[in-house]
Amino acid sequence: MGLFDRFRRPSSGGPAAVSARLEGAMAKRRLRGWNPPLENINSLVASGGPRLLARSRELVVTNGYAANACEAFAANLVGDGIKPSSLITDAALRDSVQRLWLAWTDEADADGLTDFYGLQAMVAREMFVAGECFVRMRPRRVEDGLLVPFQLQLLQSEMLPFEKTETAANGNRIRCGIEFDGIGRVAYHFRRRHPGDSTDQGAVIPDTVRVPAEDVLHIYRPIDAGQIRGLPHVAPAMVRLFLLDQYDDAELDRKKTAAMFAGFITKTAPEDPMMGEAEAALDGTAIASLEPGTMQVLLPGEDVKFSSPADVGGGYEAFQYRTLLSVSASLGLPYHLVTGDVRQANYSSLRAELVEFRRRIGQLQHGVMAHQLCRPIWRRWLETAVLSGALDIGNPAVARPVQWIPPRWDWVDPLKDIQAQVLAMEAGITSRRKVVEATGYDVEEVDRENAADAKRSADLGLSYRASPGETQGARATPAARPDPGDGTGEDTGDGSASTDPATEQE
């Protein structure tokens, strides 16, 4: 080996050399204390799920920002409802199915508290608070008097015990309350009573009841592959919200306490009372109150020092803004939806923020709400309606094709958005059906209403400014410029007609 070969850098190679070049895998001084365990998400949920769920529920009830974020999440996810639009080609059959569904939605809730779209909102709130919600599909008797003998019962996450992990009598595995066989889920072991409801004290009964998986819908957003229970949507922001709430309370109490003391009096003769002074306490101290218009003459040797409590400082607002900005990022919600603060927002910033947020909400609408909740309910409802005779269809599979329309998005400047949609339709970029469905309505229902309105107006001899196919508003421009010599231009006094500078071309 030569003399200079000793100073050459050894050739890189092997797993050790590769990991050394990955900064996140280094074990040097600043990263020596960072050794997280490589645990599966199911282990984390099983160990910390109950405490995380309890803290999440308390936070949404007691913290104003968390409560506002929960309502904003549910309102944007489901709004007034994710509604079905049947794809049946037979118009008469399609109309009968849609009408029966609309009538049944008022009877969908087994508790009778809301309709089907109200249940969607409750599921959305549970996804934010608990990360999951269970919907039990309950068949009913024909003599119960329902249009379709079928209802839905919502069950909270606490009804399925996290700690129930064992082997069932039939040899199947039970993991966090869910029973699995060699293929997949076969049953859920629900509690008969809510563990936190002290008002429900009945007879001694078994703790759990086995419900087949085909009768249960488990609604949650899977974060990792193989995940079996949901995580609260508010989980990443829980600690910051809790600590910020404590900080605000402490700051408010400090200002309140400081404001109670108007001044401090120093007396050389404590036995001489001042005007408005109350009786002394056991320790010799007393409180002197002041009234409007009071003029106090001090004795020789007495001094008054008025209280000047410290202000919160100029950094309080910036600290609050940055903390709430971090909370909003953790929740995946726009800052103004969490806080209601739009002082620093403008049209461009609001639109850019909402576009990204609604892209995320669209994932949940189609990948979770429509796929896990709406589609199975539609399938079971159709089968029950056919079997009960509410629908005269030989094969329920004929009426099964359906698309779910999410609620419409309301933009900051709707005029510009409508104009853009009209231009897209005229250019053939999109269809009128998709534009109408983006507003949350069914295009065929809108067409029927337009036809009925037009017929009624014609029968009554009514004429309105706008009619289908007529261009109105800001885009209604003349096909040609008026000729100054045809008498349509406005006389300017010098024999020439005025023109619009916005349309004049040189």
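Strands, as named here, are DSSP runs of E with at least two residues, and they are numbered from the N terminus. With that numbering, the loop between β5 (173–175) and β6 is where C176 is found. The structure is a predicted model, and C176 offers a convenient place to enter it.

The backbone of C176 has a phi near 55°, a positive value in a residue other than glycine. Most residues other than glycine have a negative phi. The relative accessible area of C176 is 4%, and the residue is therefore buried, since the cut-off for that class is under 20%. C176 also belongs to a nonpolar core of 13 residues, separate from the largest one, which includes M159, L160 and F190 as well.

From the loop that holds C176, the chain leads into β6. Strand β6 (residues 178–180) is joined to β7 by three bridges, and the two run antiparallel. Between β6 and β7 lies a hairpin connection of four residues. I178 has Y188 of β7 as its bridge partner. Y188 in turn has a bridge partner in β8, namely V211. The pairing of β7 with strand β8 (residues 208–212) is antiparallel and extends over five bridges. How much of strand β7 (residues 185–191) is covered? Five of the seven residues in β7 are buried, so that the strand is mostly covered, buried meaning under 20% relative accessible area.

Another group of strands forms an open sheet. Its three strands stand in the order β3-β2-β9, and their pairing is antiparallel. The edges are β3 (150–155) and β9 (216–220), each of which pairs on one side only. From one strand to the next, the twist averages 25°. Strands of a sheet pair through backbone hydrogen bonds, either parallel or antiparallel. Here, strand β2 (residues 132–139) and β3 are antiparallel and are joined by six bridges. Within this pair, P139 has F150 of β3 as its bridge partner. Helix α9 packs on the sheet, where it touches β2, β3 and β9, and its direction makes about 160° with that of β9.

The largest nonpolar core comes next. It has 62 residues, and those with the most contacts inside it are W104, F128 and W381. Helix α9 (residues 347–388) gives the most to this core, with 14 residues. Which residues does W104 touch, not counting residues up to four places away in sequence? The residues are F116, L147, V148, F150, L152, I377 and W381. F150, already met as the bridge partner of P139, is thus one of the contacts of W104, contact meaning heavy atoms within 4.5 Å.

The cysteines deserve a brief remark. C70 counts as buried because its relative accessibility is 3%, below the 20% limit. C374 counts as buried because its relative accessibility is 0%. The count of disulfides comes to zero.

The last stop is Y441, found in the loop between α11 (432–437) and α12 (443–460). Is Y441 buried or partly exposed? Its relative accessibility is 43%, so Y441 counts as partly exposed. Not counting residues up to four places away in sequence, Y441 touches I405, R408, V436 and V446. Along the chain, Y441 and K83 are 358 residues apart, yet 8.3 Å separates their C-alpha atoms.

How values were computed:
Residues are numbered from 1 along each chain as its sequence is written. This is a predicted model: local features need pLDDT of at least 70, side-chain atom pairs count only at pLDDT 80 or more; totals for chains, interfaces and linings use all residues. Side-chain values use heavy atoms; hydrogens and water are left out. A nonpolar core is a set of buried Ala, Val, Leu, Ile, Met, Phe, Trp, Tyr and Cys residues joined through side-chain atoms within 4.5 Å. Buried means under 20% relative accessible area, exposed over 50%, partly exposed in between (1.4 Å probe, protein chains only). A disulfide is a pair of cysteine sulfur atoms within 2.5 Å. Two strands pair if DSSP finds at least two bridges between them. Axes are lines fitted to C-alpha atoms, for helices over the stretch in contact, and angles run from 0 to 180 degrees between N-to-C directions.
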